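Please place the sequence beside the three-dimensional view and keep both at hand. The account below leads from the overall fold to individual residues and then to a pocket.

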Amino acid sequence: MRFLFFLILFLPKVLYADLMSVGNYELNILIKRGVNIIDVRTPEEWKKTGIINNSLLISLVNKKNKFIFEEWYNDFSQKVDFNKPLAFVCATGVRSHYISRLLNKKLPELQIYNLTNGINYWIKSGNSVHSY
């Protein structure tokens with residue numbers, strides 16, 4: 001019974017790399033360390049608010065406004081340096097958290113971060129963005 005409890009408690013941490021939620025302060029540190037920032041918002045959102053410098057822009061939805069993981073993953077895998085940790089960003093942290101979880105299951109060896117409150121809070125807190 002103890003062994004079963006141990007497996008249930010610790011096996012998910014062994015199988016999947018840590019998926020960490022980070023705030024603005026932590027993301028600033030990660031940026032200085034060269035993390036890949038993946039902004040999963042739409043082109044309209046990028047134009048409206050701007051983007052974090054050096055972000056890879058890989059929208060979760062295609063031109064038909066649908067999310068298809070295989071399509072997204074193909075685009076993602078062509079643009080991303082898999083030798084660096086990844087930090088996902090969206091408007092409020094919901095979409096980026098969703099894709100972070102999906103990707104963590106597919107590539108458990110990667111270190112993945114999610115900006116908890118999204119770029120809206122990033123901007124509100126006085127952090128810089130660049131025009132798209």
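The paragraphs that follow treat the fold, its sheet, selected residues and the largest pocket in turn.

The structure is a predicted model. Its chain contains six helices and five strands, and from the N terminus onward the elements follow the order α-β-α-β-α-β-α-β-α-β-α. The chain has 132 residues, 37% of which are buried. Among contacts with a separation of 6 or more, 65% are made by residues 24 or more positions apart.

The sheet is the next feature to trace. The five strands form an open sheet with parallel pairing, in the order 1-5-4-2-3. Strand 1 (19-22) and strand 3 occupy the edges with a single partner strand each, so one side of each has no neighbour in the sheet. In general terms, strands of a sheet pair through backbone hydrogen bonds, in either a parallel or an antiparallel arrangement.

Strand 2 can be followed in closer detail. Four bridges connect strand 2 with strand 4 (residues 86-89), and these strands run parallel. Two bridges pair strand 2 with strand 3, again in the parallel sense. Between strand 2 and strand 3 the chain passes through helix 3, and this β-α-β crossover is right-handed. Both faces of strand 2 (residues 36-39) are covered: Asn36 and Ile38 are buried on one side, and Ile37 and Asp39 are buried on the other.

Which residues serve as the bridge partners of Ile38, a residue of strand 2, in strand 4 and in strand 3? In strand 4 the partner is Phe88, while in strand 3 the partner is Leu56. For Asp39, the bridge partner in strand 3 is Leu57. Ile38 counts as buried because its relative accessibility is 0%, the cut-off for buried being under 20%. Apart from neighbours within four places in sequence, Ile38 is in contact with Leu56, Ile58, Phe76, Val80, Leu86, Ala87, Phe88 and Val89. Ile38 and Lys79 are separated by 41 residues in sequence, and their C-alpha atoms are 9.7 Å apart in space.

A second buried position is found in a helix. Ser100 belongs to helix 5 (residues 94-106) and counts as buried because its relative accessibility is 0%. When neighbours within four places in sequence are left aside, the contacts of Ser100 are Leu19, Phe88, Ile112, Tyr113 and Asn114. Phe88 is thus a contact of Ser100 and also a contact of Ile38.

The loops on either side of strand 3 (56-57) come next. Asn54 is located in the loop between helix 3 and strand 3. Its phi is near 65°, a positive value in a residue other than glycine. Asn54 counts as exposed because its relative accessibility is 65%, the cut-off for exposed being over 50%. The loop between strand 3 and helix 4 contains Asn65, which is not a glycine but has a positive phi of about 65°. Asn65 is exposed, given its relative accessible area of 59%.

Is Leu60, in the loop between strand 3 and helix 4, buried or exposed? Leu60 counts as buried because its relative accessibility is 8%. With residues up to four places away in sequence not counted, Leu60 touches Val40, Arg41, Lys66, Phe67, Trp72, Arg95 and Ile99. Leu60 and Thr42 are 18 residues apart in sequence, with a C-alpha to C-alpha distance of 7.3 Å. The loop between strand 3 and helix 4 therefore holds both buried Leu60 and exposed Asn65.

The last feature is the largest pocket, which has a volume of about 270 Å³. Its lining comprises 17 residues, and Ser59, Val61, Asn62, Lys63 and Asp75 are those nearest the centre. Helix 3 (43-49) and helix 4 (69-79) each contribute at least two residues to this lining. Sorted by class, the lining consists of eight nonpolar, four polar and five charged residues.

To review the path taken, the five strands form an open, parallel sheet, and strand 2 within it has both faces covered. Helix 3, through which the chain crosses from strand 2 to strand 3, also supplies at least two residues of the lining of the largest pocket.

Technical notes: Residues numbered from 1 in each chain as written. Predicted model: local features only at pLDDT ≥ 70, side-chain atom pairs only at ≥ 80, totals over all residues. Heavy atoms only, no water. 1 Å grid on protein atoms, 1.4 Å probe; cavity = no way out; pocket = protein on both sides within 12 Å on 5 of 7 lines; lining within 4 Å. Points joined across faces, edges and corners; volume = space filled by probe spheres on them. Nonpolar A, V, L, I, M, F, W, Y, C, P; charged D, E, K, R; others polar. Buried < 20%, exposed > 50% of the residue type's maximum accessible area, 1.4 Å probe, protein only. Contact = heavy atoms within 4.5 Å. Pairing = 2+ DSSP bridges. Right-handed = clockwise from strand over helix to strand, strands pointing away.
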